Amino acid sequence: MSTLPRRKFLQQTTLATAGLSLSGSLLANPVSIFGANDLMNFAVIGCNGMGWSNMQAHLKLPNVTCVALADVDQRVLDRRSAEVKELTGKAPKVYTDYRKMLENKDIDAVIIGTPDHWHCLNMVDALQAGKHVYVEKPLANSIEECNVMLKAANASDKLVQVGQWQRSGQQYDEAIKYVQSGKLGQIRLVKCWAYQGWMNPVPEKPNTTPPPGVDYAMWLGPAPERPFNENRFHFNFRWFWDYAGGLMTDWGVHELDIALFAMGAKAPKSILASGGKLAYPDDASETPDTLQTVYEFDNYNLLWEHATGIDGGPYGRTEGIAFIGNNGTLVVNRGGWEVIPEGQRVDGEWKTKIDRIELIRPEGNALDKHAKNFVDAIRNNDKSALACGVETGSVAAITAHMGNIAYKTGKKIYWDAASGSFNDAEADALVGARYNNGWELPKV
């Protein structure tokens, strides 16, 4: 199983010798090669969790199939390959090195479900190989990587959908339109939160050798070299800084995305964060289990907060977004949306400033709709039709990373949009990507 760094590997593959480069000339308006009845061949990089959920959603669509899988864990490959065969009638090709898979010219689109620290390399390589891309959220594990990925996507004629599937949820669309109607009046505060009662302490575990069939060096990729520990592998990688950003980037990008879009915002003026390991101070995780982050925008503040081990979030919801205006508050989450009006006394009679809207529940499955949106956009060769393109994904991810940077520095930090920096040495040092083990940040 190859674990060559990206640069050396590309030099030895047909991708490099063919001279494929994002810097080359691209057709301004290429003609779509997919008719409504043409078969679209998908592949997956990272098949264990959301990568597989995303593939299942796409396989529900007509004329979509899965022809290849790549994963560093042979056990996962074997299990998912059998499931693909059961769903489609044909076993996919399997690879332990995704770069070999990208040489397969039969593949039209790639789903990326790897840990966050791999997203940038996976996506840029897939675009260079001429594939459309569906990449899991958060877009990347650093602000610098977000910028590289945005540049790569803009330079390519291929489409990239980010897995912030709430953008395809009916309730969010309806709520955003209501917020933008102005009926809530001046909005002075937007709250976003994720209270995750199901999250128990991550118990300390000893380092071990990797399980049989796991290419651990490939799993680490650009992350710092460390002994194998089960706590850092598969799902729990989210709670370690080497690979992800905790709940701030895991849940945060979903909720912040809706808040930012509804408010027409892209970057805050300042960020302040406070929290820590307050619920489980002695468990194995690194990222904060309790966090409050305040983003300052013109005329309003945006508040992110998360907590593990408890479900008692604002408005009786474990997760959601609340737009708090002078006339009322709109609350939306995966269960639906409602409007809670403010009141005032008029001629001795108490009246609401706006009509109350009882909870309106969503219809359909938003993840399935997100998959359909991606496939439809590819068939129509229309980047503008994507529910969550790379720019959208980058805005949400960068905002979430700003919250983590404020937390790590313990400072109130100020964003300079013109220079793309905080003008603070400690904060700016956390903007960049850190690549190890011979891997290099893609140059676009």
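**Cysteines, strands and unusual backbone spots**

Let me begin with Cys47, a residue that is buried, with a relative accessible area of 0%, where buried means under 20%, exposed means over 50%, and partly exposed lies in between, for a 1.4 Å probe and protein chains only. Before going further, I should say that this is a predicted model, in which local features need pLDDT of at least 70 and side-chain atom pairs count only at pLDDT 80 or more, while totals for chains, interfaces and linings use all residues. Residues are numbered from 1 along each chain as its sequence is written, and side-chain values use heavy atoms, with hydrogens and water left out.

Let us stay with the cysteines for a moment. How many disulfides does a search of the whole structure find? The number is zero, with a disulfide taken as a pair of cysteine sulfur atoms within 2.5 Å. Why does Cys47 not form a bond with Cys66? The cysteine sulfur closest to that of Cys47 belongs to Cys66, and because it is 7.5 Å away, it is too far for a bond. If we start from Cys66 instead, its closest cysteine sulfur is the one in Cys47, again at 7.5 Å and too far for a bond. Is Cys66 buried or exposed? Cys66 is buried, with a relative accessible area of 3%.

Now please turn to the strands, where helices (H or I, at least four residues) and strands (E, at least two) are DSSP runs numbered from the N terminus. Nine strands come together in an open sheet, and if you trace the sheet from one side to the other you meet β16, β13, β12, β11, β7, β10, β9, β8 and β17, in that order, with mixed pairing; two strands pair if DSSP finds at least two bridges between them. Which are the edge strands? They are β16, at residues 357-360, and β17, at residues 413-414, and each of them pairs on one side only. Inside that order, strand β11, residues 319-325, and strand β12, residues 328-333, are joined in the antiparallel sense by four bridges. If you would like one pair of residues to look for on the screen, take Ile321, whose bridge partner in β12 is Val332.

For a view of one longer stretch, follow residues 40-163, where the chain is 42% helix and 22% strand, and where the C-alpha atoms at the two ends are 19 Å apart.

I will finish with the backbone. Which two residues does a cis peptide bond join? They are Lys137 and Pro138, and omega there is about -15°. To locate Pro138, look in the loop that runs between β5, residues 132-135, and α7.

Next comes His234, which is not a glycine and yet has a positive phi, of about 50°. His234 sits in the loop between α9 and α10, and because its relative accessibility is 23%, it counts as partly exposed.

Where, then, is Asp347? Asp347 is placed in the loop between β14, residues 343-346, and β15, residues 349-352. Asp347 is likewise a residue other than glycine with a positive phi, here about 55°. With 81% relative accessibility, Asp347 counts as exposed.
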